[in-house]
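I'm opening a fresh page for a structure I haven't looked at before. Here is what I looked up, entry by entry.

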Amino acid sequence: MHKFANPARFLRISKLITPWCFVLTAVTLVIGLYWGLFIAPADYQMGDAYRIIFVHVPASYMSMFCYGFMAVASAVGIIWKHPLADQSARAAAPIGAVFTALALFTGSLWGKPMWGTYWIWDARLTSELVLLFLYFGYMAVWEAIEDSVKAARVAAIVALVGAVNIPIIKFSVDWWNTLHQPASLMKSGGASIHPDMLWPLLISILAFNLYFITVVLWRIQSLIIRRQIRGLRIRIAEEKDNG
Amino acid sequence: MMAKSRAANRKQKRLYLVLTSMAVLALAIGLVLSALQDNISLFLDPTELTERNLPDGEHIRLGGLVAIDSFEKADDGLTYHFDITDGAETVSVVYKGSLPDLFREGQGVVVEGEVHKNGPFVATEVLAKHDENYMPKEVLDSLKKRGLYQKPGEEGSI
Amino acid sequence: MGNYGMFVWPSFGAVIVLLSVLGFTSWKRKIDDEKTLNELRQELENLSDQDE
């Protein structure tokens with residue numbers, strides 16, 4: 001009973017929410033990026049190059065958040081066998097892959113002028129690259145396995161096993177010597193960023209969160225509708241046979 | 001009623017299965033990572049370098065702070081001499097090439113090159129390490145004026 | 001932005017372009033799927049009407 005009632009209700013509610021989420025995403029993204037680019041003061045050491053922080057940190061944070069979301073949804077899917085959970089995880093994967101690619105790309109463009117290199121195989125950069133491949137692997141499972149129940153189970157296991165990488169990314173800068181600096185935002189003793197730079201950063205992070213909510217809802221809606229389409233096609237074929 | 005409780009039982013079993021497998025996996029990965037500690041760390045600090053007593057010509061990465069008042073530019077304008085310190089040990093470095101924008105005395109760096117026992121470390125690449133502090137220049141100036149500014153890394157870490 | 005413009009602008013550009021492309025394709029896919037669903041519902045209704 002829940003199986004059929006919940007996706008329909010989810011569809012109804014999420015259709016009401018998404019337009020608002022979209023508008024909020026656009027507004028906060030414009031404010032956050034404009035503030036970061038043109039209003040926030042330059043850094044005492046890095047000058048204007050530090051402005052990459054306003055896209056790099058939100059993208060990196062969301063690349064991990066998105067995987068966490070996928071892992072939790074996958075666990076729910078395995079334990080409670082709720083189809084919405086599997087579909088939610090599946091919908092989030094491409095978004096996470098895009099966030100990860102952006103984190104790597106913007107980080108590389110930040111590393112060149114500041115560190116002196118686009119890339120180095122330190123623990124932080126390497127584990128973030130592994131994250132990108134985990135997203136690719138997860139998406140490949142869904143594409144490769146035709147039986148959707150089986151695909152959901154294998155994909156969920158990939159998501160859960162890969163989740164071990166998330167704390168490794170987060171704490172890599174504390175556990176090992178890396179070129180990447182330690183955390184500025186989520187650390188004990190409060191953020192080590194001046195408020196004039198912190199505010200646009202927080203707004204930008206909020207914008208990326210809202211973006212995730214908006215796009216993941218669209219994608220889940222799409223996946224639910226596709227299930228309904230498959231069901232309808234079967235019924236139409238039966239109807240035609242009878243007639 | 002019976003069927004429902006059996007279903008709930010299965011769910012509970014799956015929950016425990018997921019939790020224990022995650023715990024075992026995390027433990028296994030943790031062990032592997034701690035065994036690979038040396039390989040994962042990007043560089044040695046001056047103390048580790050001194051302790052290891054590596055052979056001449058060994059290619060490694062060395063990391064630490066550029067010692068204050070140690071930076072010198074040679075007459076050719078391309079060769080640089082500086083010391084890398086971690087507070088306890090200090091290693092002299094010679095480097096020919098261009099330096100990253102963040103390179104300065106008191107700042108963290110990672111240099112790649114060859115160890116030489118009777119002479120400076122010969123670096124082929126110098127990378128600057130950024131610290132986790134961000135502030136406008138004016139704020140730094142006022143902090144310095146009031147004597148409140150503490151140079152990053154002075155607490156001993158880089 | 002000075003010399004750093006060549007690093008800062010492409011970073012922001014890549015973010016805006018990739019997020020827009022992913023957002024637009026996700027939205028478009030949803031709209032197309034909704035359209036297909038409604039067409040199929042209509043078709044099924046027509047078939048049921050013929051039966052009666």
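**Entry: a helix pair.** I began with α2(A) and α5(A), which are oblique to each other. That label follows because their angle is about 130°, and oblique takes in whatever falls outside the parallel, antiparallel and perpendicular ranges, with antiparallel starting over 145 degrees. I should jot down early that this is a predicted model. Helix α2 of chain A covers residues 53–80 and helix α5 of chain A covers residues 148–162, and their axes are 8 Å apart. I also looked up the handedness: α2(A) passes α5(A) in a left-handed crossing. Then I listed who makes the contact. From α2(A) come Tyr67(A), Met70(A), Ala71(A), Ser74(A), Ala75(A) and Ile78(A). From α5(A) come Ala156(A), Ile157(A), Val158(A), Ala159(A), Leu160(A) and Gly162(A).

**Entry: a serine in α2(A).** I stayed on that helix and picked Ser63(A), which lies in α2 of chain A. Is Ser63(A) buried or exposed? It is buried, at a relative accessible area of 0%. Leaving aside neighbours within four places in sequence, I found Ser63(A) in contact with Gly96(A), Phe99(A), Thr100(A), Glu128(A), Leu131(A) and Tyr135(A).

**Entry: an asparagine in α6(A).** Leu131(A) turned up in my next lookup too, as a contact of Asn165(A). Asn165(A) belongs to helix α6 of chain A, residues 165–175. With a relative accessible area of 10%, Asn165(A) counts as buried. Its contacts, again skipping neighbours within four places in sequence, are Ser127(A), Val130(A), Leu131(A) and Leu134(A). I checked one C-alpha pair as well: Asn165(A) and Leu131(A) are 34 residues apart along the chain, yet 7.1 Å separates their C-alpha atoms.

**Entry: cysteines.** How many disulfides are there over all chains? The count is 0. I wanted to know why Cys21(A) has no partner. The closest cysteine sulfur to that of Cys21(A) sits in Cys66(A), 15 Å away, so it is too far for a bond; the cut-off is 2.5 Å. Going the other way, the closest cysteine sulfur to that of Cys66(A) is the one in Cys21(A). Cys21(A) is buried at 10% relative accessibility, and Cys66(A) is buried at 0%.

**Entry: chain B.** Last, I turned to the other letter on my list. Chain B is split into domain 1 (2–38) and domain 2 (46–145). I noted that the C-alpha centres of these two domains of chain B lie 45 Å apart.

Terms used: Residues are numbered from 1 along each chain as its sequence is written. Chains are lettered from A and ligands numbered from 1 in the order in which they are written. This is a predicted model: local features need pLDDT of at least 70, side-chain atom pairs count only at pLDDT 80 or more; totals for chains, interfaces and linings use all residues. Side-chain values use heavy atoms; hydrogens and water are left out. Domain bounds come from an automatic or database domain assignment. Buried means under 20% relative accessible area, exposed over 50%, partly exposed in between (1.4 Å probe, protein chains only). Axes are lines fitted to C-alpha atoms, for helices over the stretch in contact, and angles run from 0 to 180 degrees between N-to-C directions. Helices (H or I, at least four residues) and strands (E, at least two) are DSSP runs, numbered from the N terminus. Angles under 35 degrees count as roughly parallel, over 145 as roughly antiparallel, 65 to 115 as roughly perpendicular and the rest as oblique. A crossing is left-handed if the near helix is turned anticlockwise from the far one by less than a right angle, and right-handed if clockwise. Contact means heavy atoms within 4.5 Å.
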